[in-house]
Amino acid sequence: MPEAQYVPECYACPIGTVSMAVQGAAPDATEHIIRAGRELLGAFKSMLDGIDAFLNTMEERSSATRKPVVQSIPIRRKK
């Protein structure tokens with residue numbers, strides 16, 4: 001099997017860096033790393049969903065208790 005050739009851009013790319021890091025690793029280790037990365041991304045997504053739900057709840061609460069900003073002031077004219 002020929003060895004992969006990497007261009008300088010591969011060193012700046014996260015995918016290229018991971019590819020180079022796992023190139024010599026055992027298949028079991030590579031599978032474990034991929035599975036762990038998937039779990040980490042899933043946890044991050046759950047965290048963002050929770051933050052979004054929290055912010056929506058806070059926005060609903062603040063709009064329900066918000067008083068009107070503009071008041072109607074009656075003006076009486078002299079006759």
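Which side chain does Arg35 meet in a salt bridge? Glu31 is the partner, with N and O 2.5 Å apart. This is a predicted model, and the protein chain in it comes to 3 helices and 0 strands. Mean pLDDT for the protein chain is 82, and buried residues make up just 5% of its 79 residues. Here's the rundown, by topic.

**Fold and confidence**

- Walk along the sequence and you get the pattern α-α-α, with no strands in the protein chain.
- As for confidence, 85% of the residues in the protein chain reach a pLDDT of 70 or more.
- Helix α3, covering residues 27-65, has the highest mean pLDDT among the elements, at 90.
- At the other end of that scale sits helix α1 (residues 8-12), whose mean pLDDT of 75 is the lowest.

**Surface and burial**

- The protein chain has an accessible surface of about 7,900 Å², and carbon and sulfur atoms account for 62% of that.
- Buried residues come to 5% of the chain, and Thr30 is one residue that counts as buried, because its relative accessible area is 19%, under the 20% cut-off.
- There's also a nonpolar patch on the surface, formed by Phe44, Met47, Leu48, Ile51, Phe54, Leu55 and Met58.
- Taken together, the residues of that patch have about 670 Å² of accessible area.
- Ile51, one of the patch residues, lies in helix α3 and is partly exposed, with a relative accessible area of 39%.

**Salt bridges**

- The structure holds 2 salt bridges. As a rule, side chains of opposite charge can pair when their charged atoms come close.
- Arg35 and Glu31 make one of these bridges, at 2.5 Å from N to O.
- Both of these residues are in helix α3, and they're separated by about one helical turn because they sit 4 residues apart.
- Neither partner is buried: Arg35 is partly exposed at 41% relative accessibility, and Glu31 is partly exposed at 44%.
- Lys45 pairs with Asp49 in a salt bridge, with their closest N and O atoms 3.0 Å apart.
- Helix α3 hosts this pair too, with Lys45 and Asp49 4 residues apart, or about one turn of the helix.
- Lys45 counts as exposed because its relative accessible area is 51%, over the 50% cut-off.
- Asp49, at 42% relative accessibility, counts as partly exposed.

**Thr30 and Ile33 in helix α3**

- Thr30 lies in helix α3 and, with a relative accessible area of 19%, is buried.
- What does Thr30 touch once its neighbours within four places in sequence are set aside? Its contacts are then Val22 and Ala25.
- Ile33 is also placed in helix α3, but this residue is partly exposed, with a relative accessible area of 44%.
- Ile33 and Val18 are 15 residues apart in sequence, and their C-alpha atoms are 9.7 Å apart in space.

Technical notes. Residues numbered from 1 in each chain as written. Predicted model: local features only at pLDDT ≥ 70, side-chain atom pairs only at ≥ 80, totals over all residues. Heavy atoms only, no water. pLDDT = per-residue confidence, 0-100. Helix = DSSP H or I, 4+ residues; strand = E, 2+ residues; numbered from the N terminus. Buried < 20%, exposed > 50% of the residue type's maximum accessible area, 1.4 Å probe, protein only. Areas by Shrake-Rupley, 256 points an atom, 1.4 Å probe, with all protein chains shown as cover. Contact = heavy atoms within 4.5 Å. Salt bridge = Lys/Arg side-chain N within 4 Å of Asp/Glu carboxyl O. Patch = residues over 30% accessible without salt bridge, like charges linked within 9 Å, V, L, I, M, F, W, Y side chains within 5 Å.
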